[in-house]
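Student: Could you walk me through this structure and show me how its descriptions are reached?

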Amino acid sequence: MPRPASLTRRRSSLPTRTPAERLDQAVDELLSGHRPVVSPELAPLVDAASLVRSALVPLPAGTRFEARLASRLAAPAGVAQIVSAVGEATRRELRHPARLLITGAISSAAVGLGVTVIALRRGARRHVEAGQQPAHR
Amino acid sequence: MTAGRPNRAPGARRAPAGDPDLHDLHAAQADRAAFDVLYRRYLDRIYGYAFYQLGDHHDAEDATERTFLAALRALPTFHDEGATFRAWLFRIAHNTILNARRSRQRGRTEPLPADLEPPAPNADPAGLLDAAEERRRVMRAVDELPDDRRQVVLLRFVDGLSSREIGQVMDRSEGAARVLLHRALRDLATALER
């Protein structure tokens, strides 16, 4: 059934977009270097957007960093994966210095204990061997 | 990419045809060395995003490096993402930065840097002071936004991503990204009015 003409007209005159959509379009225009024309309710928000745009300057990465990363990306896949895995493990461990210290202390203690046990056993074996040898005449 | 794959898996989506990086992306997928073009194109933007999020040059470099290495590794799987290349790349950066912040076990405590550009020669000192003060004020206001709103502002204004792409980066709908931007700018307008 066809709609009454008056209803159609009233519908088409209603704003079809939400404030968020209109603001989004205004920001698009702002970012492309134009000053958007907006309704008074959105004007302070566009002003804030303009201030933010001027304040948040693009930041270039350092040239040395750029070159270093470029060479890592260009490295063959296998080498890159190994370097990445080693780097990842190092970074992960360095993030927890306490864990690193505890691991180091336990490892040192284990090595020390191992060396002591070996020395004692060898000493004991020598002692036994010396006891079994016939006495010098 | 999907161009040469007539038998795509069900549900796998093509990268949008309007993706300006599509050509270079195909080249990089065919030859790893061609990734350099995309790397040079996006290095500063990823770095800037990381720096504004983490507030530290070393952390930003670390996050940037991880992002590009992860992107290079995952490049062959890109056709399943259904997003533009840059939205996909920023999503990797976004996750990497979240992990970096989590691993520090604290939020960003460093204020956003206010003096990033060297002053122009022969500039009016009083004008420079005013501009620096104004920038500091805006940075502070951005810094005080809730996490998701600050991210939307950074992605929109530093990196120039569309709301659709921001939605893809942050795993939200385009409408939700627009609403976040609206709320963020409303908060900023209130803060900057004071």
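Tutor: Here we take a few descriptions in turn and ask what stands behind each.

Student: What kind of model is this?

Tutor: This is a predicted model. Let us begin with chain A, which has six helices and zero strands.

Student: What pattern does chain A follow along the sequence?

Tutor: Chain A reads α-α-α-α-α-α. Of its 137 residues, 12% are buried.

Student: Why is A191(B) called partly exposed?

Tutor: A residue is buried with 20 or more other C-beta atoms within 10 Å and exposed with 12 or fewer. A191(B) has 16 C-beta neighbours inside 10 Å, so A191(B) counts as partly exposed. You will find A191(B) in helix 8 of chain B.

Student: Which residues is A191(B) in contact with, leaving aside neighbours within four places in sequence?

Tutor: A191(B) is in contact with A141(B) and E144(B). A191(B) and A141(B) are 50 residues apart in sequence, yet their C-alpha atoms are 6.2 Å apart in space.

Student: What makes helix 6 of chain B "mostly covered"?

Tutor: Nine of the 11 residues of helix 6 of chain B are buried. Those buried residues are R149(B), R150(B), Q151(B), V152(B), V153(B), L154(B), L155(B), R156(B) and F157(B).

Student: Why are helix 2 of chain B and helix 3 of chain B called oblique to each other?

Tutor: Two packed helices are described by the angle between their axes and the distance between the axes. For helix 2 and helix 3 of chain B, the angle is about 140 degrees and the axes are 8 Å apart. Angles over 145 degrees count as roughly antiparallel, and 65 to 115 as roughly perpendicular. The angle of about 140 degrees falls in neither range, and helix 2 and helix 3 of chain B are therefore oblique to each other. Their crossing is right-handed.

Student: Which residues make that contact between helix 2 and helix 3 of chain B?

Tutor: From helix 2 of chain B come F35(B), Y39(B), I46(B), Y47(B), A50(B), F51(B) and L54(B). Helix 3 of chain B gives H57(B), D59(B), A60(B), A63(B), T64(B), T67(B), F68(B) and L72(B). By class, this contact has 11 nonpolar, three polar and one charged residues.

Student: How do you know that helix 3 of chain B and helix 4 of chain B are oblique too?

Tutor: We apply the ranges again. The axes of helix 3 and helix 4 (residues 85–103) of chain B come within 9 Å and cross at roughly 135 degrees. That angle lies outside both 65 to 115 and over 145, so helix 3 and helix 4 of chain B are oblique to each other. This crossing is right-handed. Among the residues that meet are R66(B) and A70(B) from helix 3 of chain B, and L89(B) and I92(B) from helix 4 of chain B. The contact divides into eight nonpolar, two polar and three charged residues.

Student: What makes A50(B) stand out in the largest nonpolar core?

Tutor: Of the 62 residues in that core, V52(A) and A50(B) touch the most other members. Helix 2 of chain B supplies the largest share of this core, 11 residues. Not counting residues up to four places away in sequence, A50(B) touches A60(B), A63(B), T64(B), A93(B) and I97(B).

Student: How many residues does each chain give to the contact between chain A and chain B?

Tutor: Chain B gives 38 residues and chain A gives 30. Elements that give two or more residues to the chain B side include helix 2 (35–54), helix 3 (57–74) and helix 8 (174–193) of chain B. The residues on that side divide into 23 nonpolar, six polar and nine charged.

Definitions and conventions:
Residues are numbered from 1 along each chain as its sequence is written. Chains are lettered from A and ligands numbered from 1 in the order in which they are written. This is a predicted model: local features need pLDDT of at least 70, side-chain atom pairs count only at pLDDT 80 or more; totals for chains, interfaces and linings use all residues. Helices (H or I, at least four residues) and strands (E, at least two) are DSSP runs, numbered from the N terminus. Two residues are in contact if their C-beta atoms, placed from the backbone, lie within 7 Å. Ala, Val, Leu, Ile, Met, Phe, Trp, Tyr, Cys and Pro count as nonpolar, Asp, Glu, Lys and Arg as charged, and the others, Gly among them, as polar. Axes are lines fitted to C-alpha atoms, for helices over the stretch in contact, and angles run from 0 to 180 degrees between N-to-C directions. Angles under 35 degrees count as roughly parallel, over 145 as roughly antiparallel, 65 to 115 as roughly perpendicular and the rest as oblique. A crossing is left-handed if the near helix is turned anticlockwise from the far one by less than a right angle, and right-handed if clockwise. A nonpolar core is a set of buried Ala, Val, Leu, Ile, Met, Phe, Trp, Tyr and Cys residues joined through C-beta atoms within 7 Å.
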